[in-house]
Amino acid sequence: MPVLATKLYIPPPRAQAIARPRLVTRTDEGLRSGKRLTLVSAPAGFGKSTLLSEWIAEIQSRQTSIRVAWLSLEAHDNDPVRFLNYVISALRTADPEIRVDLLTPQSAVDVALAALVNEVNRVSSELVLVLDDFQFIEEPSIQEAMVFLLEHLPSNLHLVISSRSDPLLPLARLRARGEITELRAADLRFTPDEASAFLTQTMGLALSSADVAALEDRTEGWVAGLQLAALSLQNRTDVTDFVAAFAGSNRFVVDYLMEEVLNRTPLHVRDFLFQTAILDRLSGPLCDAVTRKSDSEAMLESLERANLFVIPLDDHRGWFRYHHLFVDVLRARLLADGPEHVAALHRLASEWFEKSGDSEDAVRHALEAQDFPRAARIIEATIPLVRKSRQDWGVLNWLAALPEETIARRPVLVVFSAWSSLVSGDIAAVEPQLAHAELLLTAPPSEDLPAHDSEPGPELAALPVTIALYRASLALATGDLPKVEEQAALALALAQPVDYLGQGAAAGLLGLERWASGELENGVRAFGESAASLRRAGNLTDALTTTLVIADMLVPLGRLRETQAAYELALREASDQLNGGLPAADLHSGISEVLSERGELEVAEEHLLAAEKLGEAAFSHEHRYRWFVSMARVRQAHGQSDAALDLLAEAEKRYRRGFFAEARPIDAMKARIWITQNRLAEARAWADQQSLTSRDKLSYLSEYAHITLARLLLAERAPGAIGLLDRLLEAAEASRRSGVANEILVLQALAYSRQGDDAHAREALNQALEHAEPEGYVRLFVDEGAPMEKLLRAAIVKGRQSDYVHALLQAFSQGEDATPATGTELVSDRELQVLKLLASELTGPEIARELFISLNTLRTHTRHIFEKLGVNSRIAAVQHARTLGLI
């Protein structure tokens, strides 16, 4: 859904506003002193937003490098995806160098928030983020996200929250740490001098000092109360009597004074106010449509001049809004005219927004009018654009607001709803919806099933193809591979010759089915066809993204050089034609892993750094985890096993299964590292949890896990390893997965060597070398450490002289740190890093932020340190580490 620029507009100070330097200084104190949060908390009408706009103007007048992002919040921002997308948009408006992609409904908010924190930390600018009207935010998941943001706030970001009530944030903790500046109602009240200046200068009233003092006393310096009173006093002669006539709570004063203001307003102005009260934002043309008049622009200008609670939302005075207090009263009065009158106004607003191309507000007002057929028609019309932009979270929310019977009459919405069920995991709901949509399309109209309401157009025409594609996706999700093939083939048959997107999606699904079946050669061909169709459709981004999937099949086929070439070509295209946007960062992450295997660790790490420099917006949500997997590979190659495990833990958080074959589960990658660390109990617990045994029936999708099990059995010196490896090798060779076969042969060579069977060890090693040399494998051998180095030296002695073997041995001698850790050190490298930071004054969350790990991961490292040093406190750990000379 489009981002409304008016929500990001920083309101300028009003020309006649009373300057409040004492409060500006207080507000500025939090920023200058490096505190995390400034909280401006007071009931409505105390001038919170006005103060912040004055403070921002003061910052900008100092010509500092500080950049301010502003977000005006509303009740319908209570959706975590929408909320975070607006936060990202506000920050990107303040600093375009912030490159974070907007979220989709499938995005993990915690992962996206962590990515945003890292991205803000990356940029050089100093930022202020203002969240105005935060009282509207009631969604617990958003409040949790805000707690996370405060705990991990980058040092170059200051957060400002303006709210009518205290947000559910750890305010007491922030106070205890001295990390919050607070301004409350007592601070914001007008002083007697400010009240006098406001009434006489801003509002233009000629009042005696006694009347000013009485008004200030009656309103207790409440700004909105003074403004309402001043509006009521204009053109009155009984000033003293009027001032004496009201007293009581803010709510009473509002009701009393609003009545006074509205009753003294000309009838045509009052009608305008009531009719336009349904609008969250106002413009001349929009108000003309709702009031069915043509003077709205002049009316808005006159209301602003009269200080009648109209607030500009842009520099050109094109858009305004009413003050929240004022609009609340207007809407309450409007309801007295009956719901039919209110619905008619919403319908007029919906028509205007639809003509203006604003689908979001058009739908919202149609729903407010309970004009569900109209809302459904607009929603249906937005689906092609939403599908292209992948921003379908708004449509899903709209569908939730429509009655089921309205959706059930529109096959396009029924099919979209089925897709929503599929991606949300509600598998059982998918097929009934697809079957109903199919019935609406094919069955002749009858009394029980009248003709459907979907509008003719490309989306409706392509619906049979879409249904087949979604059925194939459903079959893929449930593991029914024959059904995937059947439905994908049907989609290809139904697709029109120019329906390149449909053809590309169907070929891609066939490729996924071949991949999951272990038919990798056929999978590569199918995805090649998918990429070609996507290119013909003009969708270069998705076409280049297929490189990642193709690479995932080429690597187990042992075709490293072809994989690297494919990545290099895709990266050139992404750079030349997509300006380094999606999927450039994913491609950098993918090629890094290939380069690592070929021993080019420095170049591999350069690609990962290049991906980071492109920013979060250059990563896709589906493939973001790859960066962490590839960096873990580099760290493991350098012997930094704990750091690799931390990175894999981050990869797990970001991993989204989707429809891709889970051929290399991240938990199995972790188990492999545990084995190299001699943490065999943890590796065994993993194997038992997966119910893995050496006698299992083998499949491609379990192959990586079973090879990991074989490694564990070898480390445990348990029986069954060689038999399992024999069966795995047979399966890999039968399907021509030579990359997998290479690893199995290496493990066989090590297993036979340990048994003293040198002949079979040499035979397995020679086969592995023959297959690996043309593709330039390095880590395949070097990662096995000293036992493999010994075997390679023995191979030379036995006559296998080749530049390749000598280069492998050189890789061993050049990178002693590349051999896996033995687990005999007192503390690991990562734990040593933690120890050094424990000796500093940093808090736990600050240490976690410094190391780019979660707080839970930090606690795990700390527990291991305590156990190894035999201590039970941070101070004792630091003292003992110094005694041992560790720090």
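Buried, as used here, means under 20% relative accessible area. Keep that cut-off at hand for the exercises below, which all use a predicted model.

**Exercise 1. Classify the aromatic pair of Trp319 and Trp352, and decide whether each residue is buried or exposed.**

Solution.
- Step 1: Start with the geometry. The ring centres of Trp319 and Trp352 are 6.3 Å apart, and the planes make 70 degrees.
- Step 2: Apply the cut-offs. Centres within 6.5 Å make a pair, and planes over 60 degrees apart count as edge-to-face. The pair of Trp319 and Trp352 is therefore edge-to-face.
- Step 3: Turn to accessibility. Trp352 has a relative accessible area of 19%, so Trp352 is buried. Trp319 counts as buried too, because its relative accessibility is 18%.
- Step 4: Place the partners in the chain. Trp319 sits in the loop between strand 6 (310-312) and strand 7 (320-322), while Trp352 belongs to helix 17 (residues 339-355). With these positions 33 residues apart, the pair links distant parts of the chain.
- Step 5: Widen the view. Phe353 joins Trp319 and Trp352 in one aromatic cluster, and the whole structure holds 10 aromatic pairs.

**Exercise 2. Work out why the pair of Trp627 and Phe628 is edge-to-face.**

Solution.
- Step 1: The two ring centres lie 5.1 Å apart.
- Step 2: The planes of Trp627 and Phe628 stand at 75 degrees, so this pair is edge-to-face.
- Step 3: Check the surroundings of each ring. Trp627 is buried, with a relative accessible area of 7%, and Phe628 counts as buried at 7% relative accessibility.

**Exercise 3. Trace the open sheet of five strands: in which order do the strands lie, and which are the edge strands?**

Solution.
- Step 1: Read the order across the sheet, which is 2-3-4-1-5, with parallel pairing.
- Step 2: Find the strands that pair on one side only. These edge strands are strand 2 (66-72) and strand 5.
- Step 3: Add the twist. Ignoring direction, neighbouring strands are turned by 15 degrees against each other on average.
- Step 4: Look at a pairing inside the sheet. Strand 3 (residues 126-132) and strand 4 (residues 157-163) run parallel and are joined by five bridges; Leu131 has Ile161 in strand 4 as its bridge partner.
- Step 5: See what covers the sheet. Helix 3 (residues 80-94) packs on it, touching strand 2, strand 3 and strand 4, and the direction of helix 3 makes about 150 degrees with that of strand 2.
- Step 6: Finish at strand 5 (residues 180-184). Five bridges join strand 5 to strand 1 (residues 37-41) in parallel, with Leu37 opposite Ile180. Although strand 5 is an edge strand, four of its five residues are buried.

**Exercise 4. Locate the largest nonpolar core and name the helix that gives the most to it.**

Solution.
- Step 1: The largest nonpolar core has 115 residues. Those touching the most other members include Leu199, Tyr322, Phe326 and Trp515.
- Step 2: Helix 25 (residues 463-478) gives the most to this core, with 10 residues.
- Step 3: Zoom in on Phe326. Leaving aside neighbours within four places in sequence, Phe326 is in contact with Met258, Leu262, Leu273, Leu308 and Phe309.
- Step 4: Keep the other core separate. A core of 91 residues lies apart from the largest one, and Leu571, Ala618, Ala772 and Met788 are among its members.

**Exercise 5. How many residues of helix 10 (residues 223-233) are buried, and what follows the helix?**

Solution.
- Step 1: Count the buried residues: 11 of the 11 in helix 10. Among them are Val223, Gln227 and Ser232.
- Step 2: Move just past helix 10, where Asn235 takes a positive phi of about 70 degrees.

Key: Residues numbered from 1 in each chain as written. Predicted model: local features only at pLDDT ≥ 70, side-chain atom pairs only at ≥ 80, totals over all residues. Heavy atoms only, no water. Buried < 20%, exposed > 50% of the residue type's maximum accessible area, 1.4 Å probe, protein only. Helix = DSSP H or I, 4+ residues; strand = E, 2+ residues; numbered from the N terminus. Pairing = 2+ DSSP bridges. Axes fitted to C-alpha atoms, helices over the stretch in contact; angles between N-to-C directions. Contact = heavy atoms within 4.5 Å. Core = buried A, V, L, I, M, F, W, Y, C linked by side-chain atoms within 4.5 Å. Phe/Tyr/Trp six-rings, centres within 6.5 Å; stacked < 30°, edge-to-face > 60°.
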